[in-house]
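Work through the exercises below with the coordinates open. Try each task before reading its solution.

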Amino acid sequence: MAIPLQHDVEYPESDGQPMAESDIHRREMIDLITGLEDHLRDRSDVYVAGNLFLYYQKGDPRAVVAPDVFVVFGVPKGDRKAFKVWEEGAAPRFVIEVTSDSTREDDLQRKRDLYERLGVEEYFLHDPLGDYLDPVLQGFRLSAGRYAPIQPGSQGDLTSRTTGLTLRPEGRRLRLLVTATGEPLLWVDEAREMARRWKTLS
């Protein structure tokens, strides 16, 4: 009896699509990823990424999602071409989707249901252009295995227990603040401006 050949499953690393809906969405993704990396820089067991293929079912390359921003705890830092949950032994605990009217159904339905099933502890959506979300920042936290809305603060801010950060809309942008101190994390353009000023003074 012939033994069937075993073929390795290929997991693509790109779909050839643009990174984001607009420059505003792209800039926010970069700001959030950079801010989270800086905030969690002293922890060697945290991986921060975004717009990266995340495969969640071994043997099925169609079981894939690409969160705009995500954080995984309990895995080492380091560059990856894709994230495979069964190899890493962990799924994200924190996800942000920088959403828009064109992605609303995917973000509010398919991804929300998927993240809930994967055990993503906190799921946030920010609509920087105010296309459809009211309020523009919304979040969900797992409670008994199901998502429950996170109640906003007086400024529309939401607290993340997993990261120790508060998310707050500022105009079309999203600010991350250290919850314990209120210290804001700098956006990339702010950090560059501060570096230029220090260079001028030195």
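Helices (H or I, at least four residues) and strands (E, at least two) are DSSP runs, numbered from the N terminus. The model is predicted.

**Exercise 1. The cavity**

Task: State how many cavities of 30 Å³ or more the whole structure holds, then describe the lining of the largest cavity by residue, element and class.

Solution.
Step 1. Search the whole structure. The search finds 1 cavity of 30 Å³ or more.
Step 2. Take the volume. About 40 Å³ of space lies in the largest cavity.
Step 3. List the lining. Asp31, Leu32 and Gly35 belong to it, together with Leu174, Arg175, Leu176, Leu185, Leu186 and Trp187.
Step 4. Assign elements. Helix H1 (23-39) gives at least two lining residues, and strand E12 (173-178) also gives at least two.
Step 5. Sort by class. The lining has 6 nonpolar residues, 1 polar residue and 2 charged residues.

**Exercise 2. The chain as a whole**

Task: Count the helices and strands, then decide whether the radius of gyration is close to or far from the globule rule.

Solution.
Step 1. Count the elements. The protein chain has 4 helices and 12 strands.
Step 2. Apply the rule. The radius of gyration is 18 Å, close to the 17 Å that the globule rule gives for 202 residues, so the protein chain is as compact as a globular protein of that length.
Step 3. Take the spans. Along its principal axes the C-alpha trace covers about 75 × 40 × 30 Å.
Step 4. Check burial. Of the 202 residues, 42% are buried. The cut-off is under 20% relative accessible area.
Step 5. Check contact range. Among contacts with a separation of 6 or more, 54% come from residues 24 or more positions apart.
Step 6. Add the surface. The accessible surface is about 11,700 Å², and 48% of it belongs to carbon and sulfur atoms.

**Exercise 3. Arg172 and Glu170**

Task: Place Arg172 and Glu170, then say which residues each one touches, not counting residues up to four places away in sequence.

Solution.
Step 1. Place Arg172. It sits in the loop between strand E11 (165-170) and E12.
Step 2. Classify Arg172. Its relative accessible area is 51%, so it is exposed; the class begins over 50%.
Step 3. List its contacts. Leaving out residues up to four places away in sequence, Arg172 touches Ile24, Glu28, His126, Pro128 and Leu129.
Step 4. Compare sequence and space. Arg172 and Thr162 are 10 residues apart along the chain, and their C-alpha atoms are separated by 24 Å.
Step 5. Turn to Glu170. This residue lies in strand E11. At a relative accessible area of 32%, Glu170 is partly exposed.
Step 6. List its contacts. With the sequence neighbours up to four places away left out, Glu170 touches Arg175 and Trp187. Both Arg175 and Trp187 also line the largest cavity.
Step 7. Take one more distance. Glu170 and Thr181 are 11 residues apart in sequence and 18 Å apart in space, C-alpha to C-alpha.

**Exercise 4. Backbone details**

Task: Which residues does the cis peptide bond with omega of about 5° join? Which residues have a positive phi of about 55° without being a glycine?

Solution.
Step 1. Find the cis bond. It joins Asp134 and Pro135. Pro135 is in the loop between strand E7 (122-126) and strand E8 (137-143).
Step 2. Inspect Asn51. Its phi is positive, about 55°, although Asn51 is not a glycine. Asn51 falls in the loop between strand E1 (46-49) and strand E2 (54-55). With a relative accessible area of 34%, Asn51 is partly exposed.
Step 3. Inspect Ala144. Phi is again positive, about 55°, and Ala144 is not a glycine. The loop between E8 and strand E9 (146-149) holds Ala144. At 83% relative accessibility, Ala144 counts as exposed.

**Exercise 5. Ser143 and Arg62**

Task: Is Ser143 exposed or partly exposed, and where is Arg62?

Solution.
Step 1. Place Ser143. It lies in strand E8. At 44% relative accessibility, Ser143 is partly exposed.
Step 2. Compare sequence and space. Ser143 and Glu121 are 22 residues apart in sequence and 8.6 Å apart in space, C-alpha to C-alpha.
Step 3. Place Arg62. This residue is in the loop between E2 and strand E3 (64-65). Its relative accessible area is 73%, so Arg62 is exposed.
Step 4. Take its distance. Arg62 and Trp86 are 24 residues apart along the chain, with C-alpha atoms separated by 15 Å.

Conventions. Residues are numbered from 1 along each chain as its sequence is written. This is a predicted model: local features need pLDDT of at least 70, side-chain atom pairs count only at pLDDT 80 or more; totals for chains, interfaces and linings use all residues. Side-chain values use heavy atoms; hydrogens and water are left out. On a 1 Å grid over the protein atoms alone, a cavity is a set of points where a 1.4 Å probe fits but cannot get out, and a pocket is an open set with protein on both sides within 12 Å along at least five of seven lines; lining residues have an atom within 4 Å of a point. Grid points are joined across faces, edges and corners, and a volume is the space filled by probe spheres set on the points. Ala, Val, Leu, Ile, Met, Phe, Trp, Tyr, Cys and Pro count as nonpolar, Asp, Glu, Lys and Arg as charged, and the others, Gly among them, as polar. The radius of gyration is taken over C-alpha atoms; the globule rule is 2.2 Å times the number of residues to the power 0.38. Buried means under 20% relative accessible area, exposed over 50%, partly exposed in between (1.4 Å probe, protein chains only). Contact means heavy atoms within 4.5 Å. Accessible areas come from the Shrake-Rupley method with a 1.4 Å probe; for residues, only the protein chains shown count as cover.
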